[in-house]
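Here are a few exercises to work through with the structure open beside you. Try each task on your own, then read the solution.

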Amino acid sequence: MAEAILNGKGKPIFTAYSAGSHPSGAVRPEALKLIEMAHLPTEGLRSKNWEEFAKPGAPKMNFVFTVCDNAAQETCPVWPGQPMTAHWGVPDPAQAKGTPQQIERAFRDAYLLLERRISLFLSLPLASLDKLAIQKEINRIGVS
């Protein structure tokens, strides 16, 4: 969902990629439904392993945000180019249990939190901030 939101709101300045340590192999229909409801494109979205972006020839990353709550305890790959990183923990909606409505709500809550944080990130005056100030701000976004 973060990939679609940032690509939708951040183009042409940013190109986003979303990946995980244990991809399921398919984009969840609940996520696709929310993306479509926001009138964001879904074509090209796929389940990806983050190691795809740590290999030679991968797109250059300027920022890497971990979003799943359990990602803070995982060992992340070394990102080429040393991008700025921050942890923006979001409860993983794919782990939600319950009725279809409860699962949809977990996806909606995650979507709204990601959308808010991405909007805050996009509102940062990146061109006028030094690297330390940017790092402070992206860390702060993760706890808001």
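**Exercise 1.** Which residues of α1 are buried? Find them, then work out what they pack against.

Solution. Keep in mind that this is a predicted model. Step one: go along α1, which covers 2-10, and pick out the buried residues, namely Glu3, Ala4, Ile5, Leu6, Asn7 and Gly10. Step two: look at their partners, and you'll find that these buried residues pack against α2 and α3.

**Exercise 2.** Describe how α1 and α3 pack, giving the angle and the distance between axes.

Solution. Start with the geometry: the angle is about 35 degrees, and the axes lie 10 Å apart. Next comes the hand of the crossing, which is right-handed. Finally, list who makes the contact. From α1 you have Ala2, Ile5, Leu6, Lys9 and Gly10, while α3 brings Tyr111, Leu114, Glu115, Ile118, Ser119 and Leu122.

**Exercise 3.** Check the span of α3 against what is expected, then find its buried residues.

Solution. First, count: α3 has 23 residues. From first C-alpha to last it reaches 32 Å, close to the 33 Å expected at 1.5 Å a residue. Now for the buried ones: Ile103, Phe107, Ala110, Tyr111, Leu113, Leu114, Arg117, Ile118 and Phe121. Those residues pack against α1, α2, β1, β2 and α4. As a reminder of helix geometry, there are 3.6 residues a turn in an α-helix, so residues three or four places apart point the same way.

**Exercise 4.** How many residues does the largest nonpolar core have, and which elements supply it?

Solution. The core has 28 residues, and Met1, Phe63, Tyr111, Phe121 and Ile138 have the most contacts inside it. At least two residues each come from α1, α2, β2, α3 and α4. The largest share is that of α3, with eight residues. Now zoom in on Met1: leaving out residues up to four places away in sequence, Met1 touches Ala31, Leu34, Ile35, Pro93, Phe107, Ala110, Tyr111 and Leu114. There's also a second, separate core of five residues, including Trp50, Phe53, Met61 and Trp79.

**Exercise 5.** Stacked or tilted: sort the ring pairs Tyr17 with Phe53 and Phe63 with Phe65.

Solution. The model holds eight aromatic pairs. Take Tyr17 and Phe53: their ring centres are 5.2 Å apart and the planes sit at 40 degrees, so this pair is tilted. Tyr17 is in the loop between α1 and α2, and Phe53 in the loop between α2 and β1, so the pair links parts of the chain 36 residues apart. Phe53 is buried at 6% relative accessibility, whereas Tyr17 is partly exposed at 37%. Now take Phe63 and Phe65: the centres are 6.0 Å apart and the planes at 10 degrees, so this pair is stacked. Phe63, at 19%, counts as buried, but Phe65, at 21%, is partly exposed; the cut-off for buried is under 20%. Both belong to one aromatic cluster with Phe14, Trp88 and Phe121.

**Exercise 6.** Where are the cis peptide bond and the positive phi values of His39 and Gln82?

Solution. The cis bond joins Lys11 and Pro12, with omega about 5 degrees; Pro12 is in the loop between α1 and α2. His39 has a phi of about 60 degrees and is found in the loop between α2 and β1. Gln82, with phi near 50 degrees, is in the loop between β1 and β2. His39 is exposed at 73% relative accessible area, and Gln82 is exposed at 68%.

How values were computed: Residues numbered from 1 in each chain as written. Predicted model: local features only at pLDDT ≥ 70, side-chain atom pairs only at ≥ 80, totals over all residues. Heavy atoms only, no water. Core = buried A, V, L, I, M, F, W, Y, C linked by side-chain atoms within 4.5 Å. Buried < 20%, exposed > 50% of the residue type's maximum accessible area, 1.4 Å probe, protein only. Helix = DSSP H or I, 4+ residues; strand = E, 2+ residues; numbered from the N terminus. Contact = heavy atoms within 4.5 Å. Expected span 1.5 Å × (residues − 1). Phe/Tyr/Trp six-rings, centres within 6.5 Å; stacked < 30°, edge-to-face > 60°. Axes fitted to C-alpha atoms, helices over the stretch in contact; angles between N-to-C directions. Left-handed = near helix turned anticlockwise from the far one by under 90°.
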